[in-house]
Amino acid sequence: MLGKGVVGGGGGTKAPKPSFVSYVRPEEIHTNEKEVTEKEVTLHLLPGEQLLCEASTVLKYVQEDSCQHGVYGRLVCTDFKIAFLGDDESALDNDETQFKNKVIGENDITLHCVDQIYGVFDEKKKTLFGQLKKYPEKLIIHCKDLRVFHFCLRYTKEEEVKRIVSGIIHHTQAPKLLKRLFLFSYATATQNNTAADPKNHTVMFDTLKDWCWELERTKGNMKYKAVSVNEGYKVCERLPAYFVVPTPLAEEDVQRFQGHGIPIWCWSCHNGSALLKMSALPKEQDDGILQIQKSFLDGIYKTIHRPPYEIVKTEDLSGNFLSLQEIQTAYSKFKQLFLIDNSTEFWDTDIKWFSLLESSSWLDIIRRCLKKAIEITECMEAQNMNILLLEENASDLCCLISSLVQVMMDPHCRTRIGFQSLVQKEWVMGGHCFLDRCNHLRQSDKEEHQRQLSLPLTQSKSSPKRGFFREETDHLIKNLLGKRISKLINSSDELQDNFREFYDSWHSKPTDYHGLLLPHIEGPEIRVWAQRYLRWIPEAQILGGGTVATMSKLLEMMEEVQSLQEKIDERHHSQEDPQAEPPCLLRNSARLSSLFPFALLQRHSSKPILPTSGWKALGDEEDLAKREDEFVDLGDV
């Protein structure tokens with residue numbers, strides 16, 4: 001049967017290259033070709049999506065221990081995605097949790113999600129781009145969502161290898177015209193869809209009616225109005241065709257500096273305070289123009305400071321917060337920790353995991369963003385203040401902070417439809433430069449700047465304790481980590497008294513999931529971040545759920561219990577079946593893993609993250625404190 005195959009090769013360790021190694025005979029592939037064709041999985045295409053090229057007899061595998069286990073199937077490329085259709089996909093689908101709104105599958109990679117493509121030639125890994133003179137025997141795809149795919153092309157026909165490799169390289173790396181993006185094909189194919197009730201469908205905010213509905217929903221229509229001065233984008237292409245401004249503001253003011261210096265409404269709180277954003281006026285050297293700008297801004301500020309408007313606090317996100325370059329540098333370092341090719345690289349990274357994690361500064365950036373959002377929430381909720389976010393174009397960090405605040409404060413934004421509408425309002429209509437930041441058109445080889453700024457909001461109320469992993473006063477934690485995570489732990493002196501009182505007060509009360517939700521900022525919840533970022537690494541998942549230490553000890557105890565049971569059965573000549581059904585932990589492991597709901601099951605292994613030998617070699621606490629960050633149980637990783 002051409003189902004699951006095993007291909008020789010070490011899991012990350014190089015061995016002398018044999019002339020030919022295969023555990024699947026070519027004649028076996030040939031004799032079963034008809035059978036495989038009959039059970040091939042159907043490729044599901046979205047409206048407007050077209051198949052471009054494909055290759056059969058491709059082995060998709062993951063590296064584990066000293067073997068390479070995989071599944072044979074077809075590798076296809078469309079104008080929207082790269083997809084692998086395994087021969088036993090239909091059987092696997094029956095075991096997986098199905099989602100009604102699932103657009104892409106576990107083995108699908110959208111073309112825009114491809115980060116780097118590598119080929120393996122004679123066991124040497126090389127970056128693939130442009131026209132190739134020689135085609136690789138293995139294809140490795142690094143994705144922007146931190147997945148890594150391995151495809152073996154050794155048993156694929158040469159013509160199909162050329163076609164699929166060339167097609168993938170061209171459609172993921174070649175410069176594109178804007179109208180050639182799949183979005184336009186999809187929009188054309190679904191253009192007959194009728195407008196729907198905004199309560200039950202995503203609000204697109206492309207009409208005046210949509211903005212009026214949002215104003216009414218948030219009770220902001222008493223102090224703010226929707227305007228159509230930019231209809232047809234005649235004032236500024238950066239602004240949406242329709243948006244909301246304070247009621248006293250004249251439409252002539254919007255046109256004066258092409259939308260710059262205008263407070264644009266984002267959201268209103270139940271107490272009447274509002275979240276606004278403003279793009280800074282262009283910097284000028286001429287004193288006369290500077291005086292005109294100053295006079296203009298003075299008039300704007302007087303308008304939003306007069307009753308019925310609340311006191312306005314300005315948050316300058318360009319001057320004293322984060323820079324896009326800082327975010328880009330941190331994320332580039334951070335993602336290298338997860339784009340690994342084999343188990344050896346995984347364990348090499350794991351040895352100094354916490355040091356590498358902190359040196360990237362990525363989690364610190366997340367903490368600073370969450371902290372800023374909570375500060376704004378406190379001002380609006382507790383102090384009844386309006387907040388004005390100020391940024392150069394109000395289309396980068398403004399989108400991020402505004403979205404975080406609304407997710408924390410507005411239960412509607414935590415629903416599926418509400419969250420989709422929020423992204424549409426703050427990011428799409430907010431003018432975020434997706435084409436430039438994500439380089440969708442492949443106009444240059446620059447890294448994306450801010451793609452990963454859409455941070456997942458993690459709310460945790462499981463424990464009032466502070467600390468990165470456990471309580472900060474834990475002696476073992478202090479000895480192990482020392483100053484290495486100092487940036488990620490807040491001291492009480494950092495926060496203002498009113499902020500601290502608001503923050504502690506909320507975390508001391510029972511959680512109301514239909515009200516305000518605040519995340520912990522004194523060290524990100526490691527379990528959640530491990531779920532988010534390690535979900536594609538097999539060694540980081542525990543089938544059946546559970547913590548690292550618990551899983552390891554349970555496996556040891558199960559082995560010991562089974563061994564004792566066999567001795568008892570043998571001694572008393574028991575009639576019980578020695579091949580009894582395994583405990584429910586492993587029986588249910590085919591369903592969920594420790595990374596649920598961020599990842600579905602991993603089917604190829606049930607071993608724990610940490611080998612049993614690692615635990616036995618840890619030694620006592622004093623010796624452990626002197627070591628690097630290796631094989632340490634620090635809670636739910």
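**Exercises on a predicted model**

The second largest cavity holds about 160 Å³ of space. The model is predicted, and the exercises below stay with its computed geometry.

**Exercise 1. The lining of a cavity**

State which residues are closest to the centre of the second largest cavity, and which elements give two or more residues to its lining.

Solution.
- Step 1: The lining of the second largest cavity has 19 residues, and the closest to its centre are Leu239, Pro240, Ile264, Lys277 and Gly430.
- Step 2: Two or more lining residues come from each of strand E12 (264-268), strand E13 (274-279) and helix H14 (416-428).
- Step 3: By class, the lining divides into 11 nonpolar, 4 polar and 4 charged residues.
- Step 4: For the model overall, the count is 8 cavities of 30 Å³ or more.

**Exercise 2. A surface patch**

Find the residues that make the nonpolar surface patch of about 340 Å², and classify leucine 183 as buried, partly exposed or exposed.

Solution.
- Step 1: The patch is made by Leu178, Leu183, Phe184 and Leu435.
- Step 2: Leucine 183 belongs to helix H5 (residues 182-189).
- Step 3: The relative accessible area of leucine 183 is 57%. The cut-off for exposed is over 50%, so leucine 183 is exposed.

**Exercise 3. Two buried residues and their partners in space**

For tyrosine 118 and threonine 190, decide between buried and exposed, then give the C-alpha distance from tyrosine 118 to lysine 138 and from threonine 190 to leucine 46.

Solution.
- Step 1: Tyrosine 118 lies in strand E6 (residues 114-121). Its relative accessible area is 16%; buried means under 20%, so tyrosine 118 is buried.
- Step 2: Tyrosine 118 and lysine 138 are separated by 20 residues in sequence and by 8.4 Å in space, C-alpha to C-alpha.
- Step 3: Threonine 190 sits in the loop between H5 and helix H6 (208-217). At 19% relative accessibility, threonine 190 also counts as buried.
- Step 4: Threonine 190 and leucine 46 are 144 residues apart in sequence, with 9.9 Å between their C-alpha atoms.

**Exercise 4. Positive phi**

Give the phi values of threonine 57 and asparagine 384, and place each residue in its element or loop.

Solution.
- Step 1: Most residues other than glycine have a negative phi.
- Step 2: Threonine 57 has a positive phi, near 55°. Threonine 57 is in strand E2 (residues 51-64) and, at 18% relative accessibility, counts as buried.
- Step 3: Asparagine 384 has a positive phi, near 55°. Asparagine 384 is in the loop between helix H12 (362-381) and strand E15 (386-391).
- Step 4: With a relative accessible area of 31%, asparagine 384 is partly exposed.

Technical notes. Residues numbered from 1 in each chain as written. Predicted model: local features only at pLDDT ≥ 70, side-chain atom pairs only at ≥ 80, totals over all residues. Heavy atoms only, no water. 1 Å grid on protein atoms, 1.4 Å probe; cavity = no way out; pocket = protein on both sides within 12 Å on 5 of 7 lines; lining within 4 Å. Points joined across faces, edges and corners; volume = space filled by probe spheres on them. Helix = DSSP H or I, 4+ residues; strand = E, 2+ residues; numbered from the N terminus. Nonpolar A, V, L, I, M, F, W, Y, C, P; charged D, E, K, R; others polar. Patch = residues over 30% accessible without salt bridge, like charges linked within 9 Å, V, L, I, M, F, W, Y side chains within 5 Å. Areas by Shrake-Rupley, 256 points an atom, 1.4 Å probe, with all protein chains shown as cover. Salt bridge = Lys/Arg side-chain N within 4 Å of Asp/Glu carboxyl O. Buried < 20%, exposed > 50% of the residue type's maximum accessible area, 1.4 Å probe, protein only.
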